[in-house]
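Please open the model in your viewer and keep the sequence panel beside it. The tour below moves from the whole chain to single side chains, with a selection to make at each stop.

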Amino acid sequence: MMNTTILISLIVIGLLAGFFSGTLGIGGSVVMIPLMILFLNFSQHDAQGTSLAVLSIPVTFLAAYNYYQTGHVNWRYALIIAVTFIVGGYFGSKLAVTINQLMLKRIFGFVLLLVSLKIIFTSK
């Protein structure tokens, strides 16, 4: 049987990731991974693997459909990115599982920092 605290944490993580995915287009690495590390005491590897497992089914289809209905989806581009995402994800995961836990965590944090600084300081 699952611990109630863990179940509540999983529900909160799912709701927040879904909400931020729908509103900001983020969810997997930006929301789920840090929350799994914080709330569930996951290792970086466990959090990344679980995040990928969540996204391996079409969890964002309805959110994407809402954007499509208002003319904000380029399906051709999305298909090309999706196919190449599969290839990149395969090779990236092969590399990630060989990287030391602390180094992987630092790389992850550095990438988030760079992206956030770029977003904050870009005027366009």
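Accessible areas here come from the Shrake-Rupley method with a 1.4 Å probe, and for residues only the protein chains shown count as cover. With that in mind, show the whole surface: the accessible surface of the protein comes to about 9,500 Å², of which 73% belongs to carbon and sulfur atoms. What you are viewing is a predicted model, in which local features need pLDDT of at least 70 and side-chain atom pairs count only at pLDDT 80 or more, while totals for chains, interfaces and linings use all residues. Residues are numbered from 1 along each chain as its sequence is written, and side-chain values use heavy atoms, with hydrogens and water left out.

**The whole chain**

Switch to a cartoon, where helices (H or I, at least four residues) and strands (E, at least two) are DSSP runs numbered from the N terminus. The protein has six helices and zero strands, and its C-alpha atoms fill a box of roughly 40 × 30 × 30 Å, taken along the principal axes. Colouring by accessibility needs three classes: buried means under 20% relative accessible area, exposed over 50%, and partly exposed in between, again with a 1.4 Å probe and protein chains only. Of the 124 residues, 16% count as buried.

**The nonpolar core**

Next, select Ile13, Ala17, Val31, Met32, Ile33, Leu35, Met36, Ile37, Leu40, Ala47 and Phe108, the 11 residues of the largest nonpolar core. Such a core is a set of buried Ala, Val, Leu, Ile, Met, Phe, Trp, Tyr and Cys residues joined through side-chain atoms within 4.5 Å. The elements that give two or more residues to this core are α1 and α2 (28–40), and α2 supplies the largest share, seven residues. Then centre on Val31, and list its contacts (heavy atoms within 4.5 Å): leaving aside residues up to four places away in sequence, Val31 touches Leu16, Ala17, Phe20 and Ile26.

**The surface patch**

Which residue lies in the segment before α1 (4–24)? Select Met2, which is found there and is partly exposed, with a relative accessible area of 47%. Add Ile6, Leu7, Leu10, Ile11 and Leu15, and you have with Met2 a nonpolar patch on the surface, with about 550 Å² of accessible area together. Patches are made of residues with over 30% relative accessible area and no salt bridge, with like charges joined within 9 Å and nonpolar side chains (Val, Leu, Ile, Met, Phe, Trp, Tyr) within 5 Å; a salt bridge is a side-chain nitrogen of Lys or Arg within 4 Å of a carboxyl oxygen of Asp or Glu.

**The aromatic rings**

Rings of Phe, Tyr and Trp (its six-membered ring) pair if their centres lie within 6.5 Å, and planes under 30 degrees apart count as stacked, over 60 as edge-to-face and the rest as tilted. A search of the whole structure finds five aromatic pairs. Select Phe19 and Phe20, whose ring centres are 5.5 Å apart with the planes at 75°, so the pair is edge-to-face. Phe19 counts as exposed at 52% relative accessibility, whereas Phe20, at 28%, counts as partly exposed. Move on to Tyr68 and Trp75, a tilted pair with 5.6 Å centre to centre and 55° between the planes. Tyr68 is partly exposed at 41%, and Trp75 is partly exposed at 43%. Adding Phe61 and Tyr65 to Tyr68 and Trp75 completes one aromatic cluster.

**Last stop**

Finally, select Leu95 in helix α5 (residues 75–96), which counts as exposed at 51% relative accessibility.
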